[in-house]
Amino acid sequence: MKETTEPAMGDMQYFPTVLDAIGNTPLVRLNRIASDVPPLVLVKMEMMNPGGSVKDRIGPNLIAYCEQQGLLRPGGTIVEPTSGNTGHGLAIAAAIKGYHCIFVMTDKASEEKRSLLRAYGAEVVICPSSATHDSPDYYKNVAYRLADEIPGACCPDQYSNPANPATHYASTGPEIWRATAGKVTAFVAGIGTGGTISGTARYLKEVNPKIQIIGADPPGSVYSGDSPKPYKVEGIGMDMFPRNYNPDLVDDVIRIDDRASFHWAQRLAREEGILTGGSGGTALGAGLTYAKRLTANDVVVILLPDTGRGYLSKQYNETWMRENDLLVQAESDQPSLADVLTYRRTHTRSMPLVVSVLPSDSVADAVELLRRYGISQTPVMENGRMIGSLTEDLLLRRLASGEPLDTCAVGEIQGDAFPILDAHTATKDAYHVFNDCTSAVAVMRDDVLEGIVTKSDLLEFWAHQKTHA
Ligand SMILES: Cc1ncc(COP(=O)(O)O)c(C=O)c1O
């Protein structure tokens with residue numbers, strides 16, 4: 001950790017090894033994203049560790065524990081089951097200490113994370129994520145078996161190694177306490193091995209037992225009381241309680257699903273300029289949910305465990321998100337009637353968005369206009385105001401009743417004006433306005449008629465959206 005940095009020579013400032021650059025990550029205030037919750041909300045930027053995650057902290061200490069236990073000797077091999085980040089933390093420490101690494105991951109781990117491990121010179125073994133923990137193919141069982149079979153190999157096992165929570169007790173907890181000048185009132189983190197939350201919580205509860213510790217958990221994980229089910233967020237949630245998780249230190253566990261987790265992570269990047277992974281989004285979602293219950297005197301610290309760079313082919317890839325049905329349509333992303341008009345202008349009919357007639361126009365001229373543009377209805381306008389409508393239905397009813405058409409003016413036979421909707425109205429809300437008598441709506445923006453949207457315009461737009469979804 002940085003505190004152990006050797007005194008630098010003269011005025012020079014440097015770390016003796018990259019391991020000394022681990023920890024002392026900053027706290028950053030959330031501004032826009034937390035504007036509607038009362039407390040001060042701070043995020044702990046664990047992606048700023050040299051390997052890009054909170055797991056850099058435990059890598060050297062997991063290895064040191066194995067060395068102290070006599071399980072790992074110079075030139076030995078480290079075999080670890082990991083979702084990726086612990087692998088990076090171990091690989092960094094192993095590079096410095098001269099150990100070979102084999103990491104066992106599930107096929108859920110992103111391609112970037114696998115490639116990163118190989119970049120540090122590690123071997124990567126991939127296991128099916130569908131294997132349950134009683135199966136020999138389960139990634140942890142494969143790692144334990146390899147560690148047994150390979151001479152000189154040892155599994156540091158982040159799930160049970162006491163150095164994991166001890167590292168957070170010694171570094172993450174004190175850093176948060178110091179950086180908030182003891183004002184932190186709640187700490188929120190995702191739970192994987194439980195090391196981060198249990199170690200940090202033990203320190204924080206020792207210095208102030210009132211500090212609330214909140215876990216963030218995906219549905220399908222046992223920490224929030226669910227039965228094991230698959231989910232997409234990486235690195236957190238578990239199908240059984242590991243030794244390094246201490247539930248007595250955790251006051252509440254809040255469940256946040258995949259879609260919300262990825263959505264929160266995306267908002268964090270776009271609104272605060274902070275790129276984190278899916279589990280950071282889970283922690284953020286849980287933290288902001290919890291913060292709603294608090295006051296302006298509270299200080300909430302949310303731990304963001306890793307960088308989003310490991311997930312560019314997944315949660316930050318729109319195709320992957322769409323294929324997995326994870327896209328959230330924000331309210332502002334909902335297609336509106338303005339979009340229907342834009343689509344019509346650019347894709348379909350080469351005609352003005354508003355074709356209208358005057359009440360004084362002859363019906364014969366009006367019918368000619370409908371025919372020319374291939375439309376079934378038109379508004380009747382007077383002095384820039386819509387005062388009625390002329391529709392094919394109305395004209396046919398008139399013809400059917402035997403009343404003359406060719407001699408009269410539009411104003412004599414016009415029907416009611418079309419219902420008026422604002423251009424921002426979501427198309428899904430506009431569907432309800434159409435019924436047997438309403439064949440079109442007038443779309444207004446700031447009191448100006450922007451265009452007429454018909455039933456067929458809406459259906460065409462819907463079909464276009466569906467094929468391009
Ligand atoms: C991306 C990510 N987030 C969160 C965690 C959870 O941290 P811990 O294992 O200390 O509970 C992990 C653990 O692997 C992780 O990889």
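1. Ala181 sits in the loop between helix 6 (172–179) and strand 7 (186–190); helices here are DSSP runs of H or I with at least four residues, strands are runs of E with at least two, and both are numbered from the N terminus. Its phi is positive, about 50°, although Ala181 is not a glycine. For background, most residues other than glycine have a negative phi. Ala181 counts as exposed at 57% relative accessibility; exposed means over 50% relative accessible area, buried under 20%, and partly exposed in between, with a 1.4 Å probe and protein chains only.

2. Before you go further: this is a predicted model, in which local features need pLDDT of at least 70 and side-chain atom pairs count only at pLDDT 80 or more, while totals for chains, interfaces and linings use all residues. Residues are numbered from 1 along each chain as its sequence is written, and side-chain values use heavy atoms, with hydrogens and water left out.

3. Asp325 is another one to look at. Asp325 has a positive phi of about 55° and is not a glycine. You'll find Asp325 in the loop between helix 10 (318–323) and helix 11 (337–347), where it is exposed, with a relative accessible area of 55%.

4. Now the ligand. It is surrounded by 16 residues, counting those with a heavy atom within 4 Å of it; the closest are Lys55, Gly192, Thr193, Thr196 and Ser279. By class, the shell divides into four nonpolar, nine polar and three charged residues. Here Ala, Val, Leu, Ile, Met, Phe, Trp, Tyr, Cys and Pro count as nonpolar, Asp, Glu, Lys and Arg as charged, and the others, Gly among them, as polar.

5. For polar contacts to the ligand, the cut-off is a pair of N or O atoms within 3.5 Å. A polar backbone atom of Gly192 is 2.7 Å from a ligand oxygen, a polar side-chain atom of Asn85 is 3.2 Å from an oxygen of the ligand, and a backbone N or O atom of Gly235 is 3.4 Å from a ligand oxygen. On its own the ligand has 380 Å² of accessible area, and the protein covers 97% of that (Shrake-Rupley method, 1.4 Å probe).

6. Asn244 lies in the loop between strand 8 (212–217) and strand 9 (252–255). Unlike the two loop residues above, Asn244 is buried, at 7% relative accessible area. A polar atom of its side chain lies 3.0 Å from the backbone oxygen of Asn161.

7. Helix 12 (residues 363–373) has Val363, Ala366, Leu369 and Leu370 as its buried residues. Seen down the helix axis, these fall within an arc of 115°, so they line one face of helix 12; the arc is taken over directions from the axis to the C-beta atoms. Asp365, Arg371 and Arg372 are exposed on the other side of the helix.

8. Last, the strands, which pair if DSSP finds at least two bridges between them. Strands in the order 5-4-3-6 form an open, parallel sheet of four, with strand 5 (123–127) and strand 6 (153–154) at the edges. Strand 4 (residues 100–106) and strand 5 share five bridges, and Phe103 stands opposite Val124. Elsewhere, strand 14 (residues 440–445) is largely enclosed by the rest of the structure, because five of its six residues are buried. Strand 14 pairs parallel with strand 13 (residues 420–422) over three bridges and antiparallel with strand 15 (residues 448–454) over six.

Technical notes:
A polar contact is a pair of N or O atoms within 3.5 Å; within protein, one must be able to donate a hydrogen and the other to accept it, and residues adjacent in sequence count only if both atoms are side-chain atoms.
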